[in-house]
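Here are some notes for a colleague who has not yet looked at this model. They are set out as numbered points, to be read alongside the structure.

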Amino acid sequence: RYSPQSETATTFSGGGLVEVGLEGITKPAFSLEYDADIAAVHDKAHGGKTVVADIRKAKKQLKQLAGKYHHHSSPPCVAASKLQAYPSEVSKAEEAEYGRVVADAIRTYKNPVFTLENVVDYGKTEAYRLIAEALDDAGYTHDAWDKNVYVAADYGAPTTRRRLLVRATLVADSLPEVKKQPRGNWFDVVSDLVDDLPDAKL
């Protein structure tokens, strides 16, 4: 269970959306992102100092995962993304490299909670297999082999985005039920911006 003192570390951190979802539940304590511009967005949102680095060359920086309660990762879907209609062998190998780094971190730091988010087809990749096997090796209770896909709208978000999510824990023998919530309304999200929009010219 999380406590007010629980700390979350993120790798491939992006703009920090998972930290938004965990606000008030756990504290963001470490983030690592390859793209400096995206890292700046993360820092503006959460007030931290994101490590900007290629995770494959960041063994020293990754030591900051030690002692964190929760590690969340969203590795690049270099080949699995729908944007890659014909992924090359190079992109597949790169994707697997990223997965291997995450797998190594799982075995090394054994954070009590690990989660992963990615595109649906990531579950078919070598990278995903490496991560799932690492969860087995490290003794986690997890659902990686189930390859569960969630629709954001079923959990209160104003979007039908589908995502593969993995939940893993070292502190419980089972995972909690994921309960659906009323669907969000996209207009409610943007309604405060409408009055400032320019008039349409039709």
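1. Helices and strands are DSSP runs numbered from the N terminus, a helix having at least four residues and a strand at least two. With that numbering, Leu-197 sits in the segment after helix 5 (186-194). Please keep in mind that this is a predicted model.

2. Leu-197 belongs to a nonpolar surface patch of about 420 Å², together with Trp-186, Phe-187 and Val-194. Is Leu-197 buried or exposed? Its relative accessibility is 52%, so Leu-197 counts as exposed, the cut-off for that class being over 50%.

3. The interior comes next. The largest nonpolar core has 34 residues, and Ile-106, Phe-114, Tyr-122 and Leu-135 are those with the most contacts inside it. Two or more core residues are given by each of strand 2 (27-33), helix 3 (89-109), strand 5 (113-118), helix 4 (126-137) and strand 8 (162-169). Helix 4 supplies the largest share of this core, seven residues.

4. Which residues does Ile-106 touch, leaving aside its neighbours within four places in sequence? Ile-106 is in contact with Phe-114, Ile-131, Ala-134, Leu-135, Ala-138 and Tyr-140.

5. Turning to charged pairs, the salt bridges come to eleven. One of these joins Glu-117 to Arg-163, with the closest N and O atoms 2.7 Å apart. Because Glu-117 lies in strand 5 and Arg-163 in strand 8, the pair ties together parts that are 46 residues apart in sequence. Arg-163 has a relative accessible area of 19% and is therefore buried, the limit for that class being under 20%.

6. A salt bridge also forms between Asp-154 and Lys-180, where the closest N and O atoms are 3.8 Å apart. This pair links distant parts of the chain: Asp-154 is in the loop between strand 7 (149-151) and strand 8, while Lys-180 is in the loop between strand 8 and helix 5, 26 residues apart. The two partners fall into separate classes of accessibility: Asp-154, at 15%, counts as buried, whereas Lys-180, at 60%, is exposed.

7. Asp-54, Arg-56, Glu-94 and Glu-97 are joined into one network by salt bridges that share partners. Within this group, the side chains of Arg-56 and Asp-54 meet at 2.9 Å, N to O. Arg-56 has a relative accessibility of 31% and so counts as partly exposed; Asp-54, at 15%, counts as buried.

Definitions and conventions
Residues numbered from 1 in each chain as written. Predicted model: local features only at pLDDT ≥ 70, side-chain atom pairs only at ≥ 80, totals over all residues. Heavy atoms only, no water. Core = buried A, V, L, I, M, F, W, Y, C linked by side-chain atoms within 4.5 Å. Buried < 20%, exposed > 50% of the residue type's maximum accessible area, 1.4 Å probe, protein only. Contact = heavy atoms within 4.5 Å. Patch = residues over 30% accessible without salt bridge, like charges linked within 9 Å, V, L, I, M, F, W, Y side chains within 5 Å. Areas by Shrake-Rupley, 256 points an atom, 1.4 Å probe, with all protein chains shown as cover. Salt bridge = Lys/Arg side-chain N within 4 Å of Asp/Glu carboxyl O.
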